[in-house]
Amino acid sequence: MKTRKRVEALSDFLPQIRKDMIRAAHAAGRVLMRYYSMSLNVREKKGAGLVTEADLAAEKSVMNILAKARPDFLFLSEETNPHGQPGFSRGRWVIDPLDGTTNFVHRFPMFCVSIGAEWDGQIVAGVIYHPVLKDLYVATLGGGAFLNGKRMQVSTTEKLRNSLLTTGFSYRKQEWLHAEMTSFERLSRTARAIRRPGSAALDLAYTARGVFDGFWESKLSPWDVAAGGLLVREAGGQVTNFKGVPFHIEQQNILATNGLLHEELRGIVK
Ligand code: IPD
Ligand code: CA
Ligand code: CA
C-alpha cells in the first residue's frame, strides 16, 4: 500500500529556519566586519549602486549555510540571483548580504545583513543583523518582532508634525530624483525632521523599534524590504505601497509607519 507524504506545514519548520537564518546572519556579519577595515575593490553596478568583495563574500557565506539548512528552497539574492533561481519550490530565501554598501565603503557604520524567508509567496520570517552594534532583529509571521530578544513595538506618535521620518533615494537619479525631492521637500515642511541613513533594511528595523515613526522610499528591490517589512508589521505597524495596497516585496514603493500616521503620510507621498 502506498503511504501518502504529509504536506509540510509552516509551523513544522518555522522555529528551525528562524535559527538557521540567525546563524547565517551572524556568519555574514563576521565576514563584513573582517572586510570593514580593509581597503576594498569597489565596482559600480549600472543604475544599482556599488558592489565590493565584501558583498560577495557575505552573500556566499549566507547562501552556504541556508542551502545546507533547506536544500529545497530557491534563492533571490542581490548579487548572485537578482532575478531569482528558475524552478519551483514553496520556499525561497530573499537576501541582501550587505544593505548600505555605500556606507560600508565610506566607513559610515549603518549597514546590515538582511534575510527573508518566503513560503507560498509570503514572507514568514525576517532577520536583520547590524554587526557594528551587534543588533539582531528577528520577526516571524504571527510571532512578533524582537531586537536582541526583546519584543519591539512601533512608536505612538499620532501626528506628522511630531514625527521623525526616514527615507532613501534611488541610484537612478536621472529618472527619480526630481519626484523624490518633491516628496522630501513637502514632508520636510510637515514632519519634525527627516533622516537619510542609507540602509533601507535598517530604516525599517528602526521604524519597527519605534525610533522612526515612518519610512518611505520608491524603487526598492525585494531584498531591501523582505525582512524589514515583516519586522514593522510584527511590531504593530502598517506597511503598504504609496496607493495603500498591502505591501508585497515586488512592489518597489514602500510606506511603513506606526499605523497612526500612515494615511497622513500617504496623502503627501502619493
Ligand atoms: C540601498 C540602500 C539605500 C537605498 C537604496 C538601496 P544597497 O541598498 O538600502 O538605503 O536608498 O535604494 O538600493 O545597494 O546598499 O544594498
Ligand atoms: Ca539593499
Ligand atoms: Ca546590497
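Start with the spacing at one metal site: the residues that donate to the calcium ion (ligand 2) follow the pattern D-x2-D-x124-D along the sequence. This is a predicted model, and there is a second calcium ion (ligand 3), 3.7 Å from ligand 2. Ligand 1, meanwhile, sits in the largest pocket. Asp99 turns up in two places here: it is a donor to the calcium ion (ligand 2), and its side chain has an N or O atom 2.7 Å from an oxygen atom of ligand 1.

**The calcium ion (ligand 2)**
- The protein donors here are Asp96 (OD), Asp99 (OD) and Asp224 (OD).
- Those donors lie 2.1 to 2.2 Å from the ion.

**The calcium ion (ligand 3)**
- On the protein side, Glu78 (OE), Leu98 (O) and Asp96, which is listed twice as OD, are the donors.
- Their distances to the ion run from 2.1 to 3.2 Å.
- Read along the sequence, the donor residues for this ion are spaced E-x17-D-x1-L.
- Distant parts of the chain get linked by the pair Glu78 and Leu98, which are 20 residues apart.
- Glu78 belongs to the loop between strand S3 (74-77) and S4, while Leu98 is in strand S4 itself.

**What the two ions share**
- Which residue bridges the calcium ion (ligand 3) and the calcium ion (ligand 2)? That would be Asp96, which coordinates both.

**Polar contacts of ligand 1**
- Glu217 has a side-chain N or O atom 2.7 Å from an oxygen atom of ligand 1.
- With Gly100, the partner is a polar backbone atom, again with 2.7 Å to an oxygen atom of ligand 1.
- How much of ligand 1 does the protein cover? The answer is 95% of the 380 Å² of accessible area that ligand 1 has on its own.

**The shell around ligand 1**
- There are 16 residues around ligand 1, and the ones that come nearest are Asp99, Gly100, Thr101, Ala200 and Glu217.
- Sorted by class, the shell has six charged, five polar and five nonpolar residues.
- Strand S4 (residues 91-99) gives the largest share of this shell, with three residues.
- Strand S4 also holds Leu98, one of the donors to the calcium ion (ligand 3).

Technical notes: Residues are numbered from 1 along each chain as its sequence is written. Chains are lettered from A and ligands numbered from 1 in the order in which they are written. This is a predicted model: local features need pLDDT of at least 70, side-chain atom pairs count only at pLDDT 80 or more; totals for chains, interfaces and linings use all residues. Side-chain values use heavy atoms; hydrogens and water are left out. A residue is near a molecule or strand if one of its heavy atoms lies within 4 Å of it. A polar contact is a pair of N or O atoms within 3.5 Å; within protein, one must be able to donate a hydrogen and the other to accept it, and residues adjacent in sequence count only if both atoms are side-chain atoms. Accessible areas come from the Shrake-Rupley method with a 1.4 Å probe; for residues, only the protein chains shown count as cover. On a 1 Å grid over the protein atoms alone, a cavity is a set of points where a 1.4 Å probe fits but cannot get out, and a pocket is an open set with protein on both sides within 12 Å along at least five of seven lines; lining residues have an atom within 4 Å of a point. A molecule sits in a cavity or pocket if more than half of its atoms lie within 2 Å of its grid points. Helices (H or I, at least four residues) and strands (E, at least two) are DSSP runs, numbered from the N terminus. Ala, Val, Leu, Ile, Met, Phe, Trp, Tyr, Cys and Pro count as nonpolar, Asp, Glu, Lys and Arg as charged, and the others, Gly among them, as polar. Donors are N, O and S atoms within 2.8 Å of the metal (3.2 Å for Na, K and Ca); water is not among the atoms, so sites may look incomplete.
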